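Student: Can you walk me through this model? Keep it quick, and give me the cut-offs as you go.

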Amino acid sequence: MTTLILLSGFLGAGKTTLMLAAARRLESQGSTVSVITNDQGEDLVDTHLAQQADELQSVSEITGGCFCCRFDDLVNTLVKVIEDKRPDVILAEAVGSCTDLQSTVVRPLRQFHGTQLSIAPLTAVVDPVRYRALWHPKGERETESDLAYLFRHQLDDADIIVMNKTDLVEDHGRALAAELQKNFPHAQIVAASAAAGDGVDVLVGLWRTFHPENERRSFEIDYDRYGNAEAELAWTNQTFATTAKEGSSFQPAEWARSFLAALEEKARNLDAVVGHVKLRCQNREGSVKASLTVDDLVTFDEKHTLMSTTALWTLNARVAVLPADMDEMISRAVSVTDRQHNTLTGPPTGTTFQPSYPTPTHKM
């Protein structure tokens, strides 16, 4: 029987990096692994990144909504992957603004497809810096934003909470893990650094041995607040091409760093929460994949330092602004970066939008 492992967690938590690290660990232990990515839009940086992982049996994606609202698409994809590839494990990464997965995905899968699938404990990934920014203790929840409300429910919904990026909070990691355990006593807490591979063995072991109380119910979610939280975020998935001016060249990694720094400055000027921004290119010199999240650090999953004359970029950005403001921010960031690197960037293709109201197929 194939084991399905669902990953949730807010935008920028490092779910994809953790998913690929866990896939490598599972493969090294003799399991075959497939991956399913998920997004409100199309043309995902995470899907392109996963497709470069040679150890994966297959990579599929479900777009146009999260697993709860695209439940039938999820089931059809699971059936096809199992029939075509017969993996031991399928890792499925939910949209970073999705929650209530126990009621809308886990229980329906167990009820309708429990003879074909073994469902592992629902795992939420949390960025420690994001936690500090969005967490409100019980006595302060009258000031809690809808985004913070959604974030809290993601953690309350989980059987396992992975405190990721511990390499960035070494001095405070142990205290934060204890705080998470106090605030979410039902969950198993795992401290991990997906980038460094720390804690991945512990997590893989829990997926195999931890059996949560199936009837435990997380707090009832207010779907109006959930929908409002999603609607605060503008989403864009775009592609655009950058070319060096005649007689010159540029480093794609440094272009990406400059662009993300410029975009972060524009967001800060608008006092806008950055969910995440991911930028990736692949050309004949190699691949570059850079990310920007809440801590304002630009990080790289793929990077080379060779000079290039062209780069075709895929951009995924989720920022708490209006779609028109998102497009303006990106345009200005591109202009600044082109001036810095003596490049020309063509017009983007793609869409910028706000997610629609969440309407799950099932709720149990």
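**Overall build**

Tutor: Of the protein chain's 364 residues, 57% count as buried. Buried means under 20% relative accessible area, exposed over 50%, and partly exposed in between, with a 1.4 Å probe and protein chains only. This is a predicted model, where local features need pLDDT of at least 70, side-chain atom pairs count only at pLDDT 80 or more, and totals for chains, interfaces and linings use all residues. Residues are numbered from 1 along each chain as its sequence is written, and side-chain values use heavy atoms, with hydrogens and water left out.

Student: How many helices and strands does the protein chain have?

Tutor: 11 helices and 15 strands. Helices (H or I, at least four residues) and strands (E, at least two) are DSSP runs, numbered from the N terminus.

Student: And what radius of gyration does the protein chain have?

Tutor: 20 Å, which agrees with the value near 21 Å for a compact globule of 364 residues. The radius is taken over C-alpha atoms, and the globule rule is 2.2 Å times the number of residues to the power 0.38. Along the principal axes, the C-alpha atoms fill a box of roughly 65 × 50 × 40 Å.

Student: What about surface area and contacts?

Tutor: The protein chain exposes about 15200 Å², and carbon and sulfur atoms supply 47% of that area. Areas come from the Shrake-Rupley method with a 1.4 Å probe; for residues, only the protein chains shown count as cover. For contacts with a separation of 6 or more, residues 24 or more positions apart account for 81%. Contact means heavy atoms within 4.5 Å.

Student: Switching to rings. How many aromatic pairs are there?

Tutor: A search of the whole structure finds 10. Take Y131 and W135: the pair is stacked, because the ring centres are 5.5 Å apart and the planes are at 15°. Rings of Phe, Tyr and Trp (its six-membered ring) pair if their centres lie within 6.5 Å; planes under 30 degrees apart count as stacked, over 60 as edge-to-face and the rest as tilted.

Student: Is W135 buried or exposed?

Tutor: Buried, at a relative accessible area of 15%. Y131 is buried too, at 1%.

Student: Which other ring does W135 pair with?

Tutor: F184. That pair is edge-to-face, with 5.5 Å centre to centre and 65° between the planes. The two are 49 residues apart, so to speak at separate addresses: W135 is in the loop between helix 5 (128–134) and helix 6 (146–156), and F184 is in the loop between helix 7 (173–183) and strand 8 (188–191). F184 counts as buried, with 2% relative accessibility.

Student: Which residues form the aromatic cluster?

Tutor: F10, Y131, W135, F151 and F184. F151 is in helix 6, where it is one of the buried residues.

Student: How many residues of helix 6 are buried?

Tutor: 11 of its 11. Their cover includes strand 1 (2–8), strand 6 (123–126), helix 5, strand 7 (160–163), helix 7 and helix 9 (223–231).

Student: Where does the charged end of K303 sit?

Tutor: Over the ring of F300, 4.8 Å from its centre. The rule asks for NZ of Lys or CZ of Arg within 6 Å of the ring centre and within 35 degrees of the ring normal.

Student: Cysteines next. What does the disulfide count come to?

Tutor: Zero. A disulfide is a pair of cysteine sulfur atoms within 2.5 Å. The sulfur of C98 has its closest cysteine sulfur in C66, at 3.2 Å, so that is too far for a bond. For C69 the closest is in C68, at 3.8 Å, also too far. C98 is buried, at 0% relative accessibility.

Student: What is phi of D100?

Tutor: Near 65°, a positive value in a residue other than glycine. D100 lies in the loop between strand 4 (89–93) and helix 4 (101–113), and it is buried at 2%.

Student: And N342?

Tutor: Its phi is near 60°, again positive in a non-glycine residue. N342 is found in the loop between helix 11 (323–341) and strand 14 (343–345). At 37% relative accessibility, N342 is partly exposed.

Student: Last one. Where is G12, and what is it in contact with?

Tutor: G12 is in the loop between strand 1 and helix 1 (15–28). Leaving aside neighbours within four places in sequence, its contacts are D127, K165, G275, H276 and T293. G12 and K278 are 266 residues apart in sequence, yet 9.1 Å apart in space, C-alpha to C-alpha. G12 is buried, at 11%.
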